[in-house]
Amino acid sequence: MSCILNIETSTDGCSVAVSQDGTCIFHEEDFSGPNHAERLGSYVDEALSFTDNHAIPFDAVAVSCGPGSYTGLRIGVSMAKGICYARDLKLIAIPTLQLLSVPVLLRHELEDDALLCPMIDARRMEVYAAVYDRALREVRETRADIVDSDTYKAYLDEHPVYFFGNGAAKCMETIHHPHAHLISNIRPEAKYMFPLAEKRNANQQFEDVAYFTPFYLKDFVAKMPKKLI
């Protein structure tokens, strides 16, 4: 038995969900713009009231940990930490690129050897991306990519690769390969966090509430070779 509060603020959207034993029992979301400071507090209050009224105790708080926007992640993680301190709960960090992959796996039929390439938009032809297999095992770690026709060629030559997220559409204008597929309208949402959050909860994969920091996009820039900046 587990009940987890899920918070997602890594991009322009703001969403909160409550999951209990593999089922989403509450969710609120707003994708009208970057208004996390305005929406998040009220959504969290509604979620806490809902569980308190139904006498459902929380086990943990899960938060999308990036890569993502500095402001959005800072607001989401600060809220998650505050709830953990106030209610003596565990903190779970969910990588945003893995979270983006969940609705693809749940809603689309993919080939057995398909690879997933979630993308978060950056400037020009840059994206922040990773490559996963269908079990969400990391085939290639998260990197800042400057996308051209050869960036993912090694994977495309061997597998069908599905690109999605808010950085994917612009890349498909450059990636011309018969194995490249675009899935539109995929965004990180709290209501899809529960498979990842509950697995981490069962494995006791928790973060240190005092010292945890999210994975800001600016962290990538600091690590990029100067010739790419």
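## A buried serine and its neighbours

Two residues are in contact here when heavy atoms of each lie within 4.5 Å. With that in hand, take a look at Ser-64 in this predicted model. Leaving aside residues up to four places away in sequence, Ser-64 touches Ile-7, Glu-8, Ser-10, Leu-73, Ile-94, Thr-96, Leu-99 and Met-193. Ser-64 belongs to strand β4, which covers residues 60–64. Is this serine buried or exposed? Its relative accessibility is 0%, so Ser-64 counts as buried.

Two of those neighbours also meet the serine through polar contacts between side chains. One goes to Glu-8, at 2.9 Å. The other goes to Thr-96, at 2.7 Å.

## Just past the strand: a cis proline

Keep going along the chain from Ser-64 and you get to a cis peptide bond between Gly-66 and Pro-67, with omega at about 10 degrees. Pro-67 sits in the loop that runs between β4 and α2. As a reminder, most peptide bonds are trans, and most residues other than glycine have a negative phi.

## Helix α1: one side in, one side out

Helix α1 takes in residues 36–53, 18 residues in total. How far should a helix like that reach? At 1.5 Å a residue the expected span is 26 Å, and the C-alpha atoms at its ends are 25 Å apart, which agrees. Its buried residues are His-36, Leu-40, Tyr-43, Val-44, Ala-47, Leu-48 and Thr-51. Looking down the axis of α1, you find these buried residues within an arc of 135 degrees, so they line one face of the helix. The spacing fits a simple rule: an α-helix has 3.6 residues a turn, so residues three or four places apart point the same way.

What covers the buried residues of α1? The cover includes strands β1 (3–8), β2 (14–20) and β3 (23–30), along with helix α2 (70–87). On the other side of α1, Glu-38 and Asn-53 are exposed. After the helix comes Ala-55, with a positive phi near 55 degrees.

## Aromatic rings

The structure has two aromatic pairs. One of them is made by Phe-26 and Phe-50, whose ring centres are 5.6 Å apart and whose planes are at 35 degrees, making the pair tilted. Phe-26 is in strand β3 while Phe-50 is in helix α1, so the pair ties together parts that are 24 residues apart in sequence.

How exposed are the two partners? Phe-26 has 12% relative accessibility and so counts as buried. Phe-50, at 23%, counts as partly exposed. Elsewhere, a charged side chain meets a ring: Arg-187 lies over the face of Phe-31, 3.7 Å from the ring centre.

## Two loop residues with positive phi

Arg-124 is not a glycine, yet its phi is positive, near 50 degrees. You will find Arg-124 in the loop between β6 (115–121) and β7 (126–132). With 67% relative accessibility, Arg-124 counts as exposed.

Leu-136 has a positive phi as well, near 60 degrees, and again the residue is something other than glycine. Its place is the loop between β7 and β8 (138–146). Buried or exposed, then, for Leu-136? Leu-136 has 15% relative accessibility, so it counts as buried.

Terms used. Residues are numbered from 1 along each chain as its sequence is written. This is a predicted model: local features need pLDDT of at least 70, side-chain atom pairs count only at pLDDT 80 or more; totals for chains, interfaces and linings use all residues. Side-chain values use heavy atoms; hydrogens and water are left out. Helices (H or I, at least four residues) and strands (E, at least two) are DSSP runs, numbered from the N terminus. The expected span of a helix is 1.5 Å times one less than its number of residues. Buried means under 20% relative accessible area, exposed over 50%, partly exposed in between (1.4 Å probe, protein chains only). The arc is that of the directions from the helix axis to the C-beta atoms. Rings of Phe, Tyr and Trp (its six-membered ring) pair if their centres lie within 6.5 Å; planes under 30 degrees apart count as stacked, over 60 as edge-to-face and the rest as tilted. A charge sits over a ring if NZ of Lys or CZ of Arg is within 6 Å of the ring centre and within 35 degrees of the ring normal. A polar contact is a pair of N or O atoms within 3.5 Å; within protein, one must be able to donate a hydrogen and the other to accept it, and residues adjacent in sequence count only if both atoms are side-chain atoms.
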